[in-house]
Structures are given as structure tokens and as C-alpha cells.
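Work through the exercises below with the sequence and the model open beside you. Each task is followed by a solution in steps.

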Amino acid sequence: MRFSLTPGKRLRYFRTVRGMTQKQFGMAIGFSEQTADVRIAQYELGARTAKEQTVTALAKALAVSPYALSIPQIESEAAFMHLLFALEDSYGVTLDCASNTKLGKAFSEWRQMAEKQRNGDITKEKYDEWRFSFSL
């Protein structure tokens with residue numbers, strides 16, 4: 001399955017993987033029983049944007065990194081390239097990023113995990129669990 005980059009669709013995916021209804025999920029992060037499902041539906045549909053504190057609570061309830069819920073919108077391949085260029089400026093990311101850097105090590109780990117999934121050594125679900133809970 002390809003994941004949409006919209007936070008709402010990712011939120012819905014993680015919630016359903018965890019087997020939670022919108023109401024259960026909303027109540028798990030502290031919304032009242034009367035408004036829990038409506039609030040979660042608003043986030044999933046993109047009608048409402050969660051504040052940083054709420055994103056943290058949503059991620060915690062789903063056992064994923066908050067970064068997995070706040071993916072930036074990338075409109076095109078050109079925009080993606082410019083994101084990579086900005087990452088180069090900010091973090092030294094290049095196509096030949098040295099493995100002795102923090103990001104280089106992360107890229108190496110990612111490559112290894114993706115290869116394990118492609119080879120059938122781990123399931124897609126295990127690979128996704130690793131990706132969505134990843135942190136540096």
C-alpha cells in the first residue's frame with residue numbers, strides 16, 4: 001500500500017491498523033465521549049489541523065512517532081528535489097551521505113530494513129512498524 005502524504009489519511013491508516021474506532025481513539029487522547037468521534041473525523045478529513053500538543057497525544061496513542069503524522073506536503077518531483085536540496089543545506093544530506101553521520105547511519109538502517117522486507121525476511125507490517133516508530 002502506498003501512503004498518502006496527507007496527515008489525515010495517515011492518521012486514519014494508523015487508527016484502523018490499531019483497530020480503534022474514531023470514538024475510541026478520541027477518548028484515548030482525552031476528548032469527551034460526546035465529541036471524540038467528530039474531532040477525530042475532522043482531523044482525518046483535514047477539516048481541522050492538530051496543534052503540536054495534540055499531534056504528540058495522537059502519536060502516543062497510536063504508538064508511532066509524531067513525525068509520522070506531520071509529513072510535509074510535497075506537490076511534485078521538483079518540489080521533492082528542492083526539499084532534498086534544503087536538507088543538504090540544513091543537515092548535509094547528499095546522495096553519497098557518509099555512513100558515519102547520524103543521517104548516513106539512518107539511511108543505511110533504512111536500506112537494510114527495506115531489503116529485509118523485499119526479501120521476505122520481515123513482513124510489510126513489521127517494516128511499517130519500524131518506519132512509523134523510527135527516531136534518531
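**Exercise 1: a glutamate in a helix**

Glu 44 lies in helix 3, residues 36-45, where helices are DSSP runs (H or I, at least four residues) numbered from the N terminus. The model is a predicted one, in which local features need pLDDT of at least 70 and side-chain atom pairs count only at pLDDT 80 or more, while totals for chains, interfaces and linings use all residues. Residues are numbered from 1 along each chain as its sequence is written, and side-chain values use heavy atoms, with hydrogens and water left out.

Task: decide whether Glu 44 is buried or exposed, and find which residue its side chain joins in a polar contact.

Solution: Begin with accessibility, which for Glu 44 is 4% in relative terms, so that this residue counts as buried (buried is under 20% relative accessible area, exposed over 50%, partly exposed in between, with a 1.4 Å probe and protein chains only). Next, the side chains of Glu 44 and Arg 12 are joined by a polar contact of 3.4 Å.

**Exercise 2: a glutamate in a loop**

Task: establish where Glu 75 is found, and whether it is buried or exposed.

Solution: Glu 75 is found in the loop between helix 4 (52-62) and helix 5 (77-91). Its relative accessible area is 69%, and Glu 75 is therefore exposed. As a last step, compare positions: Glu 75 and Lys 60 are 15 residues apart in sequence, and from C-alpha to C-alpha they are 28 Å apart in space.

Note on methods: Helices (H or I, at least four residues) and strands (E, at least two) are DSSP runs, numbered from the N terminus. A polar contact is a pair of N or O atoms within 3.5 Å; within protein, one must be able to donate a hydrogen and the other to accept it, and residues adjacent in sequence count only if both atoms are side-chain atoms.
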